[in-house]
Amino acid sequence: MQQASQTIKGKDRYKSGVMEYRKMGYWEPDYEPKETDVIACFRIIPQDGVDPIEAAAAVAGESSTATWTVVWTDRLTAAEKYRAKAYRVDQVPNTEDQYFAYIAYDLDLFESGSIANLTASIIGNVFGFKPLKGLRLEDMRLPTAYVKTFQGPATGIVVERERLDKFGRPLLGATVKPKLGLSGRNYGRVVYEALKGGLDFTKDDENINSQPFMDWRERFLYCMEAVNKAQAATGEIKGSYLNVTAATMEDMYERAEFAKELGSSIIMIDLVIGWTAIQSMAKWARRNNMILHLHRAGHSTYTRQKTHGVSFRVIAKWSRLAGVDHIHAGTVVGKLEGDPATTKGYYDICRDEFTPQKLENGIFFDQPWASLNKVMPVASGGIHAGQMHQLLDLLGEDVVLQFGGGTIGHPMGIAAGATANRVALECMILARNEGRDIVNEGPDILNEAAKSCTPLKQALDTWKDVTFNYTSTDSPDYQVTATASA
Ligand SMILES: O=C(COP(=O)(O)O)[C@H](O)[C@H](O)COP(=O)(O)O
Ligand SMILES: [Mg+2]
């Protein structure tokens, strides 16, 4: 969709009154983004009768320098440079009223190393702008110059594996269940059983902090006792993500310090604590040699519907900049939202050294990572041992596979549930390394291994028919590599 520049030049540009955004300089179809520009792709759904180009210009304006009327004080600034520029608008395939608007922002609009500052512009007031029915931030191109101002993951995949001494296979974890209500002592028993049975990690759930039934100190003490006992029993390094999420930064630091004092290798935070708190904890984790796990609690309130909000691929990018080591990124086959093609895009963002544009995976831009560490994606939510071949095929090797119900709900108990998952993983890795076609032979490979592993046999029998086959709400709009480029 093209419309020539309508920017008013000279002194008429600064006449008092209301002027269309495209006339104020926020629509510049000839603009060529600079290497150092931040670029955003928004899905715009204009109100009836609103011209899509004007809507795109308004988004550029409201997310950068503009207000609703002309202000003469623009002339006291380098306004042409600071104005964000909508430079391209495409109709979204298979829609009548939706448009992808590409907007370029000068790097000087943003404070170095601050997600809070970036987001206050890009997803600030503009999301409430009345002429739009809906607005979704689909993707961003963060230039190398800007990426370099962030710390990135505190530890990274390579060093995490070295510290854990685990290579060549996904890591295995489990979320302690029930989510709420266990006492510290019983909680510790779940952790011990799961780790002794063969998992590498257990984890606190997103909503367990410090409630009347279990103080956070109780939890940390019993978890670390379980970790130490399981390490002694198995000779392997184990961990339990201790959730330090709390009401204030002071509380979170206190909890993190205690986790460190007890010898934990990993702590956990929830996305709901906010970007500044996440960045603070990432810096703390870097200083204290701690792995930092991020649970994306809350994201679905704004990532899941395509008509308004922020795509999770953008949340994944911001999280990598902010400095977390783990991020929940979806399972495809489990109980929670996750289209395979879209989810692949999230995993690439976490693990690539350079993420190329791939419209079929929802990736709109080439994204350099400028040597920032890689984030370990975490697959969690309604998965079980019988899906091991699919998980390995879809998600690859650098991933934590987390089975909460799929460990603790095992008919023979928690340790048996853990063993089932470990044996399923190891037999699948062996088969893959032997060159077998694990996607098609996967069920046979598992059944074969189950002949000499009763826990695996029972896991397969218990959960064999469990699938969550529902239509995804967030599949890519371009099904094949299109010619569009930023
Ligand atoms: O407690 C669980 C999963 O438990 P279970 O394994 O018993 O289903 C996590 O909170 C979800 O993984 C969150 O979802 P996501 O990972 O998609 O953010
Ligand atoms: Mg949970």
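Arg 432 is partly exposed, with 30% of its relative area accessible. This is a predicted model, and here we follow its salt bridges, beginning with the one made by this arginine.

Its partner is Glu 397: the two side chains meet in a salt bridge with N and O 2.7 Å apart. This pair ties together distant parts of the chain, with the two positions 35 residues apart. Arg 432 belongs to helix H15 (residues 414-433), while Glu 397 lies in the loop between helix H13 (388-395) and strand E15 (400-402). Like its partner, Glu 397 is partly exposed, at a relative accessible area of 27%.

There is also a larger arrangement to look for. Bridges with shared partners connect Arg 43, Arg 136, Glu 138, Lys 306, Arg 313, Asp 474 and Asp 477 into one network. In total, the model holds 39 salt bridges.

Two other pairs are worth a visit on your screen. Lys 23 bridges to Glu 20, and Glu 236 does so with Lys 238; here are the three individual pairs side by side.

| Salt bridge | N to O distance |
|---|---|
| Lys 23 and Glu 20 | 2.9 Å |
| Glu 236 and Lys 238 | 3.1 Å |
| Arg 432 and Glu 397 | 2.7 Å |

How accessible are the residues of the other two pairs? Lys 23 is partly exposed at 28%, and Glu 20 is partly exposed at 31%. In the remaining pair, Glu 236 is partly exposed, with a relative accessible area of 26%, whereas Lys 238 has a relative accessibility of 2% and counts as buried, because that value falls under the 20% limit.

Note on methods
Residues numbered from 1 in each chain as written. Chains lettered and ligands numbered in written order. Predicted model: local features only at pLDDT ≥ 70, side-chain atom pairs only at ≥ 80, totals over all residues. Heavy atoms only, no water. Salt bridge = Lys/Arg side-chain N within 4 Å of Asp/Glu carboxyl O. Buried < 20%, exposed > 50% of the residue type's maximum accessible area, 1.4 Å probe, protein only. Helix = DSSP H or I, 4+ residues; strand = E, 2+ residues; numbered from the N terminus.
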